Amino acid sequence: MPLGLVERKKPPRIKEDVSPEKGSELYHETEITQTFEHQQFLEQVLRDRQSPKSQGKRIAIIGEPGAGKTTLLQQTAKWVSKKIEQSVVIWVSLADLRSRDLETYLLEVWLKAVARTAGQAEASTQVKDDFVAQFNQGLVWLVLDGVDEMQSTLGNPLEEIGQQIRQGGLLQQSRIVLSCRLNLWDGGSNALDSFDNYRTLEFSYPQQVEEYICKWFGSQSPAQMHTGEQLCVALREPGKERIRDLVKNPLRLMLLCLNWHSGEGNLPQTKAGLYEQFVSYFYEWKKDRFETTREQRRQLNAALAEMAQKAIDKEATRFWLRQEFVCEYLGHPDDTDSLFAIALQLGWLNKVGVEAKHHTRAVYAFFHPTFQEYFAALSIDDWHYFLNHIPENPSHADANYRIFETQWREVLLLWLGREDISKEQKENLIQSLVQFEDRCNDFYWDKAVFIAAAGISEFRNCTYEQKIIEQLVLWAFGYFDIQRQEWLEALNPLREEARKALLETNSSKAVNEIINFIQNNPDELYSRYNAIQVLGEIGSGSPEVEQMLADLLCNSQDERTIVQAAATLTKILPSHQAAFYTLINSIENDKDYNIPEYAAKILGEIQVNFSETIYMLIDLIGKYKIAKRNNHSEIKNYNANIERVGFSNITREEKICGLIIQVLGNIGVDNLEVINILLQLLNQSESKYVRAKAVESLGKIGNGNKIVIDTLIDILNKSQDWNLRSISANSLGEVAKGCPEAISALIYLMDNYKHYDNFNKASKSLIKIIDFNSNSIEIIIDKFISILQLDNHPYIVIDIVNCLGEIANGTRNHKAKNALLKLLNSNISNNTRYFVAKNLGKIDSNNRDAIDALEDILNNSQESYWQRCVSAIALEEIKHSNSQALAVLVNKIFDTQNSLELLYTDESQSFMGYSIIAQPDEVSWLINFLSIGRNKTQIKSVVSKLKLLLNNKIRETDFKRWKICYQILWFCSQNLSYQNFYTVWNSR
């Protein structure tokens, strides 16, 4: 597998922590000059000598353990020997030098070995002379693997090899490509500072990871290919985010393949079991290069466990580990016998940068954060470490609620999966969660149940397993209340969180409970559609799910149930022919427009059988004669789909063709046959609707295609159909990045718009396609500013102001800033003033004029609540912790004189599990405001005020207001510790 590289400037300075789901970012470079694909590196850097320091003569490839340095070096050696004429490539594993210097090794060991392969006992004088001559002619390439594994008399292998290069006549004449681990390269003074250094890039997911898996299993035997495909499917499942990130490293991916292979297509039942095997394999992999005793491994594992647990509990950055902190547990790295030195040699710890404020102080990280979480789990013996609940006094010194802190979630799951922890301890912990008494309107009991649900995926056969899953199903889908004779459902976000929890809990138990729910409830129930949909997320590989869905497909009398069953089947069995044909046929459904709309959506998401789908859809288009407008007597208004493109009446044929074109736009990326069909429809159809849908889809699949770009530009320049011009402008923004002709066409449309929507789409597309590193951005900023000076239409002004806020940054902000300041002080409406001030604040966060303008709007009681609330959010983005802004947002909820800004649609109109209830403005405003700074004092203030409205009286008399308070308080509970929330909630 070819690896990419980045050219780096210097070690990154560590400022912020990362999440374990993105743990590979610990090893990302923060200061790079160029990123190379593998072939690009070989040709530009090695062949064409385009490197800044050495012109391709001195190259260092660096990376963490298992990053593929040796593999990359081997590929480089093969390529040089084949592609660079007269090159003499010499591979040296530097660990083989022992105490010899490199030049002596080449003349006395390497050359002698070459002579023996030619049938000679020793290299003759002539051979030696010829060998030296090749060095002097610059033909020799030394490919040196593993500087970090080299023995050094100077104490530092970099100094050793650097000195040998400077003093050795032959070495000076050669071109050198070497590999080295990050720990050594960034470890201190570097004697190889004349080398251009390139950092290995991790694999991309899913493309390169899945390609590696297929190649690895294919190399075992052709019969193993299916086993590899099963591993790819397993990695795509929900809850595998950490593992997907973990295996972007080639070594860790190889270990996963080995584990899957030895487990005959199964991973260990628990995450803890998986990482235990990883640790064992890791030590085994290192044995040849750095052997350790059993006692050394025991001591090191214990010290790493204690350090990992303390870092997660106490350190400001959990995964960036300061050297001073590491030394407390592992000793000093310069002591060759210390556990620190051993951890570095093995690669459990790696240097990843320096402290932001102290550039001489090193920062380290585990091989991957998940290993740190695993080691931390090994250090915990008592379940009370996670939770020691004192209901009457949560602030007591003996109480702790780590279980609600996000950084302990994965540690908890790994702890529950440990085989050496007694079942009694695990049962006690799950019981304490299920029976958690929070005295806070159940906000934290809900959270405790969700944690327990994730926990039973690692702790199987728990006593509370069935009870937990039944509760999740009740929250997720609702129940029939016999006394009230109506279907009741949990409120969002509780309902949505319960559905997410079903994806993370014991899948086999969840599947059985959902099947029971589906079989015991009527076809027409919307919650039943939702339940079928959830099975598509967790039912892969379950014969019971496949059988039930197949039965629904064949026997249900409800068309929506049939199409939902087909949609779910194609997710878990993409090659299921009956389900596939059901979706294709559903596009022509006349009775319920939602059905063909949903069928088209699912067909556009299917990940296999692209060719078959494309051919069938193209045939289906051919069935309808839409080259000319059909004059049917019955014309229906299919508003659910067509309002997006501005049409009021279309025929059945147009509707069907529009959906087919939509699917082709989702699955036909870079497919020339699909592009040609869409271009043909655009040129030949007299249906404005069909032409518009064709342009929409070309914008999805024609990226960089010159014919597509030229066609869209032609529409902008010549068409009299303003709607088609708008859609073409939007599509051009998706396919023509950096294209000068497209930029010119969009500017032309802005100058000659027939409808405001033309201008709006053209300006937005310009922002998408400009190259921020080219001169074109200056031209566009000047263009925007000139429009501000000539056009006073408020919508046009607001569009331009928003565009300037997006693109004017850094050294380019001076012109834009002055233009916005001038506009801010002119005679404009307060609505326009809001947008000007907001974008001026984006360009210059300390701008006093922007802050004053927003504060004026905020404090003006004559302004609309909408204007004051959005100004409050904009002000918070510029100037954090504004108490007046928060007060305006909270008072909006209490103000019974003004109607709530609730964008409400009857949920019974939703279909296939897609709720179309819009979130109330009050909810999104306040949550957006609090999300900007996540200020604990502000959040506690909101809890203190809104708790007054969360009572039964308000629920009965003003349910909308009660619901708004519930949703906001849910957000607050997710962002405050239990102790803090409890204190505020129970205070008078």
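**Exercise 1. Work out how H31 passes H33, and what sits between the two helices.**

Step 1: handedness. H31 crosses H33 in a left-handed way, that is, the near helix is turned anticlockwise from the far one by less than a right angle. Helices here are DSSP runs of H or I with at least four residues, strands are E runs of at least two, and both are numbered from the N terminus.

Step 2: geometry. This is a predicted model, where local features need pLDDT of at least 70, side-chain atom pairs count only at pLDDT 80 or more, and totals for chains, interfaces and linings use all residues. Residues are numbered from 1 along each chain as its sequence is written, and side-chain values use heavy atoms, with hydrogens and water left out. H31 (residues 672–684) and H33 (residues 706–718) pack at about 20°, axes 11 Å apart. The axes are lines fitted to C-alpha atoms over the stretch in contact, with angles from 0 to 180 degrees between N-to-C directions. So H31 is roughly parallel to H33 (under 35 degrees; over 145 is roughly antiparallel, 65 to 115 roughly perpendicular, the rest oblique).

Step 3: contacts (heavy atoms within 4.5 Å). From H31 come Ile-675, Leu-679 and Leu-682; from H33 come Ile-707, Val-708, Thr-711 and Ile-715. The split is six nonpolar, one polar and no charged. Nonpolar covers Ala, Val, Leu, Ile, Met, Phe, Trp, Tyr, Cys and Pro; charged covers Asp, Glu, Lys and Arg; the others, Gly among them, are polar.

**Exercise 2. Now do the same for H13 and H16.**

Step 1: H13 (residues 294–314) and H16 (residues 369–378) have axes that come within 7 Å and cross at roughly 105°. That makes H13 roughly perpendicular to H16.

Step 2: H13 brings residues including Leu-304, Ala-308 and Ile-312, while H16 brings, among others, Glu-373 and Phe-375. Sorted by type, the contact has eight nonpolar, three polar and one charged.

**Exercise 3. Find which residues of H22 are buried, and what they pack against.**

Step 1: the buried ones (under 20% relative accessible area; exposed is over 50%, partly exposed in between, with a 1.4 Å probe and protein chains only) are Ala-510, Val-511, Glu-513, Ile-514, Ile-515, Phe-517 and Ile-518.

Step 2: their partners are helices H20, H21, H23 and H24, plus strand S13.

**Exercise 4. Place Lys-936 and say how accessible Lys-936 is.**

Step 1: Lys-936 belongs to H45 (residues 936–946).

Step 2: its relative accessibility is 42%, so Lys-936 counts as partly exposed.

Step 3: leaving out residues up to four places away in sequence, Lys-936 touches Asn-975 and Leu-976.
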